[in-house]
Amino acid sequence: MKSTLEDIINTAVSDKLTYQQKLFNLANIAERLVDPKKILGYSEKEMAYIEKDMICDLNEGYAIYRPRYIVPDYMAFLKHGCRFLDIRPPEDLEELLDNLLILYHHVPSITSFPVFIGRLDLMIDPFINDEKYDYIRIKRFLNHIDKTITDSFCHADIGPKATRAGEMILKAIMELENPTPNMTLRYDKDITDPDFSQKAAEACLKVSKPSFSNEKMYYQDMGEHEIVSCYNALPSAGGAYTLPRLRLGTIAHSTSSLDELLNDKLPDVSEAMLSMMDKRIKFLVEKSNFFESSFLADEELIKKENFTAMFGIVGLAEAVNHILNMENKDEQFGLSSYGDEIAHKIMKKIQTIVNEHEGVYAERTNGRYLLHGQVGANLCHEDNFNTPAHRIPVGDEPPLPKHLKQAGQFHKYFESGTGDLFAFDQTYIKKPQAVMDIINGAMDTGYRYITTYLENTDLIRVTGYLIKKSEAQKVTDGKAVLRDTAIMGEGTNQNARVFERKIRRNGL
Amino acid sequence: MQEYLKEKSAVMDCKAIVNKIIHFSNVDGPGNRFAVFFQGCNARCIYCHNPETIGYCMDCLECLEVCPQNALSCVNGKVKYNEQLCISCDACIHKCPYHASPRTKIMTVNELYDQIQSYKPFIRGITVSGGEPFLNHNFVIKLFKKVKKESNLSCFVDTNGFFDKDEMLELIDITDQFMLDIKSIHKVQELCGVENSHPIENLEYLLKKSKVYEVRTVIIEGMDAEETVATVSSMLKDYPDVNYKLIKVHTTGMSGSRKEMIKNKIPDNIKMDQMRALALKKGVHKVECIL
């Protein structure tokens, strides 16, 4: 969405934003002041779809100067150091952690903070030689990240193998109870030690992380990849240029039948979004000089050839509910097998359109952009009517066993990531193995990603990122807070009632 | 009436009256489990928290009068239950003079297995409970045989311990693990209204066969809790994997008359600590106190 000069003034004088948040917001406003028709060549039709809220560009901006998600090859950094930063390969744990904190400062993204900070356990484990003091260092390192990378889209990976470093990281995140970094256990039940995964499940209940990604499934689809930002699976040493999203609920509401949606509106809007993605990527690669001026590219910590783009969707639930309503069916998405059929028709249509499109500068993914179950945002009124990805709206959730089966059937479409989350009652803290049974079942039935948290914890997952409910309350009370994600989370909760997710107990 | 009971009760080998199913339970054995609660119990414990699972519906129709949702109706003289209308307010089971419930289902082994099958990826096993599952032993044997033939799910039985092991050898043989109550050593008759029972012999037999997952004793004053805990603990000391759960009796959710019966028998937390210490002193490896 385009910005105005008034946005600049409002941001500058805000009494709720920190200095740093104002700075980044002003930069973002500047990117959106320029006319996308002039700088990127967006057509009138493409602009109209943005203005009608059917396509959302997530405020990525139009004077583009860096890819949305950057996934550096930290192993190469460890091995070779960095000429630009005059850093040599580390010789001990302190040097390693210091080097990483320095590099994080220089990894751009849409948030201006790194969305991926590496496979921490793999990097740290070779340097462990004093469990007591090394634990203190690791805990301090993680705390430093939380207080300086003030945006919880920052993501660390661990696993799939259990390591001493991995165990220490799990212990530290439980003690720290920090929102950042977000974290994923790359889980493969044939590789991950059951004791380690059970500890991870316990941590996930207590501090909402790590989540569990399906290592086998993602590896099969993506090869060398990392889990970044919320739960995005992206190529290693690369990333994603851009992520716009279709608001399927809004698009469906402009139609009066499934046929019109599938054969008229959906192809037209999807083609428009693909065209906009092409234009964005061309500008970024051919005109912005990002890859020419970045030392990350120069020193091959990232390679242009490893970038792709993400085609996001939200509001599958509302799209299906609209069609059910049009057809006078007294059923709703999540509890209706006919509704699921409609959902598959919609997703297959989008999948075909996206796969048939010849993307630009996307050789790593065979010239294709990748479908993504986007977690939602709070950018306009229509976001009240577009539930994240293919999720069932809060308040409509069926009992857990039925919900698990319903949600899992849609994961296959989203190669660059989707995920489901379930809140459990206190009884599960005594039975993390019951949570692992559910996670194992999810992975066996095609889930890419699953996560959980315990009722009554302060630290919870909003949609894909973590915030503290107490911080969100400060935002509600009009106070400034450290992390921009607390502001986003508060807004999302006002819309989607994510703090009121159904608490699962006794199989309900 | 006897004929009617036969039709509805455990005598049916291929059918059973099911009071409730919890598709995902995290409290009925290890991991995530499919738990089946049968109708009908051979004990009348004074602290029973699910008295509506004890008896069988006699179609007296008294429950129809109290259902605020009209979820219960009379068809050919029998109670018919409409699950869609029910809001689980429990007015019917509080009214029932027979310690029964109109919300039960008569299910076949295949019907039950179909449900288990559909959640198989997410569970590690099934647990049959009650009521008292031994009353449906022929049904349970058939169910477990089917489960074992078609899956690798574990099969657990949660029992009150009041059964004749010599008559139950086939069920014991096919069951992976038992969770059983040892309610009292000398006061079983007073506490549970059961005569000539042999729970300690049953426990000993099952321990020797390595078939015990958990033993439970509800701690209630005046019912020889000390001797019960001491006796069970002496038996468990050589079985480090077996959990001994000590549960403080409580009145939450109980009917008024039951509350009255036990209101002076609730142990304090000091007593619970003493019971835990006793179990540990006698050599039990895993003691869990539920306060």
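This passage describes a helix, a buried tyrosine and a chain contact in a predicted model.

Helix α16 of chain A spans residues 316-326. The helix is mostly covered, with eight of its eleven residues buried. The buried residues are A:Leu316, A:Ala317, A:Glu318, A:Ala319, A:Val320, A:Asn321, A:His322 and A:Ile323. Their packing partners in chain A include three helices, α12 (248-253), α13 (258-287) and α17 (337-356). Strand β12 (310-314) of chain A also packs against these buried residues. After α16(A) comes A:Asn328, which has a positive phi, near 55°.

A second site centres on A:Tyr49. This residue lies in helix α4 (residues 44-51) of chain A. A:Tyr49 has 22 C-beta neighbours inside 10 Å, and therefore counts as buried. The cut-off for a buried residue is 20 or more. Neighbours within four places in sequence aside, A:Tyr49 is in contact with A:Met54, A:Ile55, A:Val269 and A:Ala272. One of these partners, A:Val269, is 220 residues away from A:Tyr49 in sequence. In space, the C-alpha atoms of A:Tyr49 and A:Val269 are 7.1 Å apart.

Chains A and B also touch. The contact takes 15 residues from chain A and 14 residues from chain B. On the side of chain A, two or more residues each come from α18 (400-408) and α19 (432-444). Helix α19(A) gives the largest share of that side, six residues. By class, the side of chain A that touches chain B has six nonpolar and six polar residues, along with three charged residues.

Notes: Residues are numbered from 1 along each chain as its sequence is written. Chains are lettered from A and ligands numbered from 1 in the order in which they are written. This is a predicted model: local features need pLDDT of at least 70, side-chain atom pairs count only at pLDDT 80 or more; totals for chains, interfaces and linings use all residues. A residue is buried if 20 or more other C-beta atoms lie within 10 Å of its own, exposed if 12 or fewer, and partly exposed in between; C-beta atoms are placed from the backbone. Helices (H or I, at least four residues) and strands (E, at least two) are DSSP runs, numbered from the N terminus. Two residues are in contact if their C-beta atoms, placed from the backbone, lie within 7 Å. Ala, Val, Leu, Ile, Met, Phe, Trp, Tyr, Cys and Pro count as nonpolar, Asp, Glu, Lys and Arg as charged, and the others, Gly among them, as polar.
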